[in-house]
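Student: Hi! I have a new structure to look at today. Could you walk me through it?
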Amino acid sequence: MSASIEDVAKLANVSISTVSRVINRRQLVNVQTRKRVEEAIRELRYRPNAFARGLMLRKSDIVGLVLPDLHGEFYSEIIRGANSQAREMGHNLLLSSALPGDDSESWLSALGHQALLDGLAVMVSDTMAAGIGETLTELQMPIAVLDGEIEGVEHDTVIIDQRQGAMSMMRHLVENCHAKRVIFIGGLETNIDTRARRRAYRDALREAGLTYQKEDVYHLDYTYDSAYRLAVKKVKEWAGNGHFAFAANDEMAAGILAGAIAKQVRVPHDLGVVGFDDTRVAQMTKPLLTTVRVPMSSMGATAIELLCQRIAEPGIPSRTVSLSAELVVRESCGCALRNK
């Protein structure tokens, strides 16, 4: 049987509260008593109950990260950055997801009240219900939000400049690739990232004097399969000199490429195809994918950094950090061909 705190107190001839103070706040105990307690701990090989310690101190050194999904490289890179930053700042990371169809408010409330967390980072997306703000307010803990804002909740925020990234892609297609028509393939119509990228797409067309047509906009689910099915049906209609398909992530762009191959539409000769995110998929397609690089790992790391800083200094003003997205030109837009 493992030793208890009572055993340590008896061997060191001190009270249980003195043992607890040595474990949790050793500076409050005089040196002589502290050494006696520490010797008893070593002799008995006593290991403190971390959960009980956390309850007493209201501190667990655990932070939570909740994402809309855990599947795919986009989320895995966010997790990688968040986990590395949490460890660097002396915290452990508790990870979970709020999938479509989940009762996100009830689930988040249970997580906050039943898990011993010092703070919570949450990525906002269309999978989160409207009542999430009220739920997060009730948790009464430091909050960091990735990729959006939650009204009525005091929190720190890290966002990707979606508009800057999408505008840089559209201007490249119009100015350097001489685009005459651009098809936009986004995620769900309510998805925050899709809406920002679609607005930039529309504004860039108008800026270039090109017509924005609703029939050139499609809303899928960010998956390869849905984009492939769409491409098989539509890619021959899209093909033409100066025509492009702009997918709101690389996975859908890869699906469009595969659909074009299946229907014998040449990319980029008959149709340019571009993506967003610059995941590894972008360098596994043939031709290589022109895309927008999103600092996914930095996004996760920054969210945890902001969260841990607020845990350490609760009174500091709320902060918003905007991360830039970068155009990456490869082969699938075919600008070199079009400029000959």
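Student: Let's start with V14: is V14 buried or exposed?
Tutor: Happy to help! This is a predicted model, so every value here is computed from it. V14 has a relative accessible area of 18%, and under 20% counts as buried, so V14 is buried.
Student: Where is V14 in the chain's secondary structure?
Tutor: V14 sits in the loop between α1 (5-12) and α2 (16-24).
Student: And what does V14 touch, not counting residues up to four places away in sequence?
Tutor: V14 touches A9, V19, T33, R36 and V37. For T33 there is also a distance: 19 residues separate V14 and T33 along the chain, and their C-alpha atoms are 8.2 Å apart.
Student: Nice. Zooming out, how many helices and strands does the chain have?
Tutor: The chain has 13 helices and 12 strands.
Student: What share of the residues is buried?
Tutor: Of the 340 residues in the chain, 51% are buried.
Student: And the surface, how much of the accessible surface belongs to carbon and sulfur atoms?
Tutor: Carbon and sulfur atoms hold 49% of an accessible surface of about 17,000 Å².
Student: What about contacts between residues 24 or more positions apart?
Tutor: Counting contacts with a separation of 6 or more, 72% are between residues 24 or more positions apart.
Student: Okay, new topic: Q85. Which helix is Q85 in?
Tutor: Q85 belongs to helix α5, which covers residues 73-88.
Student: Why does Q85 count as buried?
Tutor: Because its relative accessibility is 13%, and the cut-off for buried is under 20%.
Student: So which residues is Q85 in contact with, leaving aside neighbours within four places in sequence?
Tutor: Q85 is in contact with A301, I304 and E305. Those three are also listed on the α12 side where α5 and α12 meet.
Student: How do α5 and α12 pack?
Tutor: Two packed helices are described by the angle between their axes and the distance between the axes. For α5 and helix α12 (residues 296-312), the angle is about 40° and the axes are 6 Å apart. The two helices are therefore oblique to each other.
Student: Is that crossing left-handed or right-handed?
Tutor: Right-handed: that is how α5 passes α12.
Student: Which residues of α5 meet α12?
Tutor: On the α5 side they are E73, F74, E77, I78, R80, G81, A82, Q85 and A86. The α12 side includes M296, S297, M299 and G300. By class, the contact has 8 nonpolar, 4 polar and 4 charged residues.
Student: What about α10 and α11, at what angle do they cross?
Tutor: The axes of helix α10 (residues 224-238) and helix α11 (residues 250-262) cross at roughly 45° and come within 7 Å. So α10 and α11 are oblique to each other, and their crossing is right-handed.
Student: Which classes of residue make up the contact of α10 with α11?
Tutor: The contact of α10 with α11 has 13 nonpolar, 2 polar and 1 charged residues. Among the residues that meet there are Y224, A227 and W238 in α10, with E251, M252 and G255 in α11.
Student: One last residue: A204. Where does A204 lie?
Tutor: A204 lies in helix α9 (residues 192-207). With a relative accessibility of 3%, A204 counts as buried.
Student: And what is A204 in contact with, leaving aside neighbours within four places in sequence?
Tutor: A204 is in contact with M167 and M170. M169 is 35 residues from A204 along the chain, and the C-alpha atoms of these two are separated by 9.4 Å.

Terms used. Residues numbered from 1 in each chain as written. Predicted model: local features only at pLDDT ≥ 70, side-chain atom pairs only at ≥ 80, totals over all residues. Heavy atoms only, no water. Axes fitted to C-alpha atoms, helices over the stretch in contact; angles between N-to-C directions. Helix = DSSP H or I, 4+ residues; strand = E, 2+ residues; numbered from the N terminus. Parallel < 35°, antiparallel > 145°, perpendicular 65-115°, else oblique. Left-handed = near helix turned anticlockwise from the far one by under 90°. Contact = heavy atoms within 4.5 Å. Nonpolar A, V, L, I, M, F, W, Y, C, P; charged D, E, K, R; others polar. Buried < 20%, exposed > 50% of the residue type's maximum accessible area, 1.4 Å probe, protein only. Areas by Shrake-Rupley, 256 points an atom, 1.4 Å probe, with all protein chains shown as cover.
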